[in-house]
Amino acid sequence: MVNPVVVRIAAERITNGGLNPKTGKTYVLDDITNPDYRQAVEDYILENTEGV
């Protein structure tokens, strides 16, 4: 089960060019290694981003 707050934060960092706190670099989808969270973040981005 994924935490929706974590999914939202990760998705917002990815779409806004935020930093990955672990690496200090721009957060990208490939940084998410857990398949459940990755899918949840992809779905969140698709549902909440205009023009995607």
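Accessible areas are obtained here by the Shrake-Rupley method with a 1.4 Å probe. With that definition, begin the tour of this predicted model by displaying the surface of the protein chain: its accessible area comes to about 3900 Å², and 52% of that area belongs to carbon and sulfur atoms.

Next, show the whole chain as a C-alpha trace. Along its principal axes, the trace spans about 25 × 25 × 15 Å. A compact globule of 52 residues would have a radius of gyration near 10 Å, and the protein chain agrees, because its own value is 10 Å.

Switch to a cartoon view. The protein chain has 2 helices and 0 strands.

Now select Val7, Ala10, Ala11, Ile14, Tyr27, Ile32, Ala40, Val41 and Ile45. These 9 residues make up the largest nonpolar core. Colour helix H1 (4-16) and helix H2 (35-48), the elements that each give two or more residues to this core. H1 provides the largest share, with 4 residues.

Within the core, centre the view on Ala10. Which residues does Ala10 touch, leaving aside those up to four places away in sequence? They are Tyr27, Ile32 and Val41.

Return to the full chain and consider burial and contacts. Of the 52 residues, 21% count as buried. Among contacts between residues at least 6 apart in sequence, 43% join residues at least 24 apart.

Finally, select the charged side chains. The protein chain carries 5 positive and 8 negative ones, and the centres of the two sets lie 11 Å apart.

Terms used
Residues are numbered from 1 along each chain as its sequence is written. This is a predicted model: local features need pLDDT of at least 70, side-chain atom pairs count only at pLDDT 80 or more; totals for chains, interfaces and linings use all residues. Side-chain values use heavy atoms; hydrogens and water are left out. The radius of gyration is taken over C-alpha atoms; the globule rule is 2.2 Å times the number of residues to the power 0.38. Buried means under 20% relative accessible area, exposed over 50%, partly exposed in between (1.4 Å probe, protein chains only). Contact means heavy atoms within 4.5 Å. Lys and Arg count as positive and Asp and Glu as negative; His and the chain ends are not counted. The place of a charge is taken as NZ of Lys, CZ of Arg, CG of Asp or CD of Glu. A nonpolar core is a set of buried Ala, Val, Leu, Ile, Met, Phe, Trp, Tyr and Cys residues joined through side-chain atoms within 4.5 Å.
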